[in-house]
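This briefing concerns side-chain contacts, arranged by topic for use at the bench. Please consult the sequence and the model shown here alongside the text.

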Amino acid sequence: MTGGIVLFVSAFFLVFLGIVSMLFFLLPVKFRQLILLVSSYVFCGFVEVRALVVLIFISFFTWAAGLKIEKLRVQGRIFFGKTGTVAVTVFFCSLLCGYKYLPSFFRYCGMDSRLPESVAGQFIMPVGLSFYLFQAIGYLVDIYKGKSQAERSFLLLSCHLAFFPKLVSGPIEREQDFLPQLKRLCQVKAWDRGRLSTAFTYMLWGYFMKMVVADRLAVTVGGIFGNPVEFDSFWLLVGVLFYTIQIYCDFAGYSYIAIGCAKIFGLELTHNFKAPYLAGSISDFWRRWHVSLSTWLRDYIYIPLGGNRKGTVRKCINTMIVFLICGMWHGAGINFMIWGLLHGLYSVVETISKKMGWKVKGGRMITFFSVAFAWIFFRADTAGAGFAYIGRMFTAGIHLEEWGKALKALNLSGVEIGVIFLGIAVIWLVDNLCNRKKIHLPVLIQYRENAARYFVFYLLIMTILIFGMYGPGYHAEQFIYMQF
């Protein structure tokens, strides 16, 4: 993937965003939708030309299918409408599974080394495919059920699927929420200090989470997970906890930057994260973590399966199915399935506990460590590596005399450790504050005096410049969720 050119944490992206913003506000308002679509296609093409071809094909196919399904529904030909919706959904799911699982199948059969590189490269999943395919499926299902009308404009629907801030890692937007905003772009003012200030804050906070916290933790996490036999139980536990924070700051950081970028153009994206590690239960965790995916799985898989309407046993089965699919959506390895099934098991235990009237103390801590444990399989290269990591974590013991060696191997100086823990503390404090006030930090800051707001801007900018991971010899870590 050539995504390093256009990652949000590159100067190229900031220049690209600046050019798009100028074109958006300087050219006549009637061109705004077209500008966003062309810009999104340029963005996708820079990441990967093949991904652009797939994106355009899916967009056209979805547009045509939506019009046809609506026509069949209006004509009362329900059977044919349902058949068409199912056929397109199966096609999209098969396409997604093919890209996710064929490379693993080739490796398992030993065919990957025999395939020409140009051929093997065609089976690498195009960037953003998982996200915009889910949007397309939801759009067509909603049309079939009469919840939405088919969009007549190919330009608008394509912009909905391809909008560059959310292309590579979501959020998974619903057409009912996003298409009406695209239709109102002509009303967006070029200068709106409140909107632009909020957008700027979202982006700064996202860059802080990604560059100062997530990418710094990634170095330590990579060293520990890459060679776990060199570390004792303490450091293996540190690796798990650091990865738990890393993946949150990485994905939430991306989401905040995406929200900020969209807000520049007057568009509101779904907030994917709501202080998830403050959740008091697994169900609460999934109401706070990757919200657009969890609600999509609820509305388009869990509820159609029967949800909780057919008794406790059926509810538990449906829950396990949904989390298995969730795991498979994230990756082709057995380790991702185990991760999903673990969350399914946690949810089933929670359901049974509520049914039996059991009260559990320390719900927030239990939830955090349960989620952290499951992340081991998410981070491990294989299921076997995950089990081996867990086995050593519980059996290696603690060897204080080897900690100096471990610190040296992980390049952890006193200053580096201080920055890591200070960054984590800031994230924890902000999440607690925003959770209490039920508002996100960038919006909260707008209620403060100008001096306080500008001080926060200055502090974030200086922190990113001084402690952010960038510069010569450093390659920014790919956003974790770009691979899904």
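A residue is called buried under 20% relative accessible area, exposed over 50%, and partly exposed in between, using a 1.4 Å probe and protein chains only. The model is a predicted one, in which local features need pLDDT of at least 70 and side-chain atom pairs count only at pLDDT 80 or more, whereas totals for chains, interfaces and linings use all residues. Residues are numbered from 1 along each chain as its sequence is written, and side-chain values rest on heavy atoms, with hydrogens and water left out.

**Cysteines**

- A disulfide is taken as a pair of cysteine sulfur atoms within 2.5 Å; across the whole structure, the search finds zero disulfides.
- C159 takes part in no disulfide, and the nearest cysteine sulfur, belonging to C44, is 13 Å away.
- With a relative accessible area of 1%, C159 is buried.
- For C326, the closest cysteine sulfur is in C97 at 14 Å, which is too far for a bond.
- C326 counts as buried because its relative accessibility is 0%.

**Salt bridges**

- A salt bridge requires a side-chain nitrogen of Lys or Arg within 4 Å of a carboxyl oxygen of Asp or Glu; the structure holds 13 of them.
- E70 and R73 form one such bridge, their closest N and O atoms lying 3.8 Å apart.
- These two residues are in helix α3 and are three residues apart, so about one helical turn separates E70 from R73. Helices here are DSSP runs (H or I, at least four residues), as strands are (E, at least two), numbered from the N terminus.
- E70 is buried at 6% relative accessibility, while R73 is partly exposed at 25%.
- A network of salt bridges links E70, R73 and R152.
- K210 and D215 meet through their side chains at 3.0 Å, N to O, in a salt bridge, and both residues are buried.
- E416 and R216 form a salt bridge whose closest N and O atoms are 2.7 Å apart.
- Because E416 belongs to helix α19 (residues 414-437) and R216 to helix α10 (residues 193-226), this pair ties together parts that are 200 residues apart in sequence.
- E416 and R216 are both buried.

**Aromatic pairs**

- Rings of Phe, Tyr and Trp (its six-membered ring) pair if their centres lie within 6.5 Å; planes under 30 degrees apart are stacked, over 60 edge-to-face, and the rest tilted. The whole structure yields 59 aromatic pairs.
- In the pair of F60 and W63, the ring centres are 5.7 Å apart and the planes meet at 45 degrees, so the arrangement is tilted.
- Both F60 and W63 belong to helix α3 (residues 49-74), at a spacing of three residues, about one turn of the helix.
- F60 is partly exposed, with 46% relative accessibility.
- F163 and F178 also make a tilted pair, because their centres are 5.6 Å apart and their planes stand at 40 degrees.
- That pair links distant parts of the chain, 15 residues apart: F163 is in the loop between α7 (154-162) and α8 (164-167), and F178 is in helix α9 (residues 175-183).
- F163 and F178 are both buried.

**Charges over rings**

- A charge sits over a ring if NZ of Lys or CZ of Arg is within 6 Å of the ring centre and within 35 degrees of the ring normal.
- K166 lies over the face of F178, at 5.3 Å from the ring centre.
- R453 occupies the corresponding position over the face of Y454, at 5.7 Å from the ring centre.
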